[in-house]
Amino acid sequence: MRNPCLFMLSARDYLLKKCLTYIDQNYNKRYNYPIVIFYHGNRYDNEQVREEIRSINRDTEVRFRSIECKIPDHLEEKDMFWNLPNNNYARSFGRSRLGYLHAISFLSNFMEHPDLQEFDYVLRLDDDAWFKKEIPFDFFEELDKNNGYFGTGFTWNSFGPNHLETRHNLFNWVKDYVAKYDIDVKNEQLKCSLNGPADNIMFHTLDWNCGNCNVINRKMFETEEWRRYISEVKKSGGAYKYRWGDCEIIGLYAYLHLDNPLVNFNIREKGLYEPQIPNTQMVFNGVK
């Protein structure tokens, strides 16, 4: 029996109700899966704001959970991404976006959070995810039908300067990790790329998960391989030092260790979904 929830880390209170209304109308009103909204600081402490969100569908339980914002003890201010030399993206990033680094660190290892422990499956969303039309299937049922632990709304494999500058040292880290633990890499493209020159195109053009609409079976994270992997990720400080995102961190784990690494629901190409509601703005710092 499946026990799923939907969750997101939200910093855009002006968008959240619109986003969740689309999700309810075009997907969750059929299932009423619980929704867990994580946030930094006190952004959703206001009971009136919470009540407006809950009024979308009274049959759906909505939980609000503030999460800690803290630079890991083994890192210092000088280690932060905005201090990375010879990186144009880092120079434009700035300390005001520390909240974003907290966010991607959390989203790379969300399953360890106590408020998600009771759920066997999660649908991870962003607060600007746009469910444009009715989703004609249940994400969790479809994931099981495809014998997968990890699914995504769509995949992408484009590559440009910003991708290289937000994956600084990632290729070398993965290669060292594979050598250190003598890993037989499951995915052929990743395996071939690691035998090539640093930061080769083959590595950077893997089919990446979209991140803003991902479906995960908890069993993916209940292995010694995951515990070892995420421990090494944390030691590297990659989220804070290099701005490594959860798309890459979780995606690379799947390509390293899973026979069926990624189920593509392909809902963007079908016109059912877009990763951003129109006129969405970026939030530079999710921490009040």
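1. Let me start with helix α10, whose buried residues (buried meaning under 20% relative accessible area, exposed over 50%, partly exposed in between, with a 1.4 Å probe and protein chains only) are Trp226, Tyr229, Ile230, Glu232, Val233 and Ser236. They span an arc of only 155° around the axis, which places them on the same side of α10; the arc is taken from the directions from the helix axis to the C-beta atoms. Across on the other side of α10, Glu224 and Lys235 are exposed.

2. A word on provenance: this is a predicted model, where local features need pLDDT of at least 70 and side-chain atom pairs count only at pLDDT 80 or more, while totals for chains, interfaces and linings use all residues. Residues are numbered from 1 along each chain as its sequence is written, and side-chain values use heavy atoms, with hydrogens and water left out.

3. Helix α10 covers residues 224-236, and its 13 residues reach 18 Å from first C-alpha to last, close to the 18 Å expected at 1.5 Å a residue. That expected span is 1.5 Å times one less than the number of residues. Helices (H or I, at least four residues) and strands (E, at least two) are DSSP runs, numbered from the N terminus. After α10 comes Gly237, with a positive phi near 65°.

4. What do the buried residues of α10 pack against? Their partners are α7 (170-180), α11 (238-242) and α12 (246-257), with contact meaning heavy atoms within 4.5 Å.

5. Ser236 deserves a look of its own. This residue of α10 is buried, with a relative accessible area of 13%. Its side chain reaches the backbone oxygen of Val233 at 2.6 Å. Leaving aside residues up to four places away in sequence, Ser236 touches Trp173, Lys241 and Trp244.

6. Turning to the sheet: it is open, with seven strands in the order β3-β2-β1-β4-β9-β6-β10 and mixed pairing. Strands β3 (62-67) and β10 (263-264) stand at the edges with a single partner strand each, so one side of each has no neighbour in the sheet. Two strands pair if DSSP finds at least two bridges between them. Strand β1 (residues 4-9) pairs with β4 (residues 121-125) in the parallel sense over five bridges, and Leu6 stands opposite Leu123 in β4.

7. Two helices lie across these strands. Helix α1 (residues 13-26) lies across β1, β2 (35-40) and β4, at about 155° to β1. Helix α2 (residues 47-54) lies across β2 and β3, at about 140° to β3. Axes are lines fitted to C-alpha atoms, for helices over the stretch in contact, and angles run from 0 to 180 degrees between N-to-C directions.

How values were computed. Polar contact = N/O pair within 3.5 Å; in protein donor to acceptor, adjacent residues only side chain to side chain.
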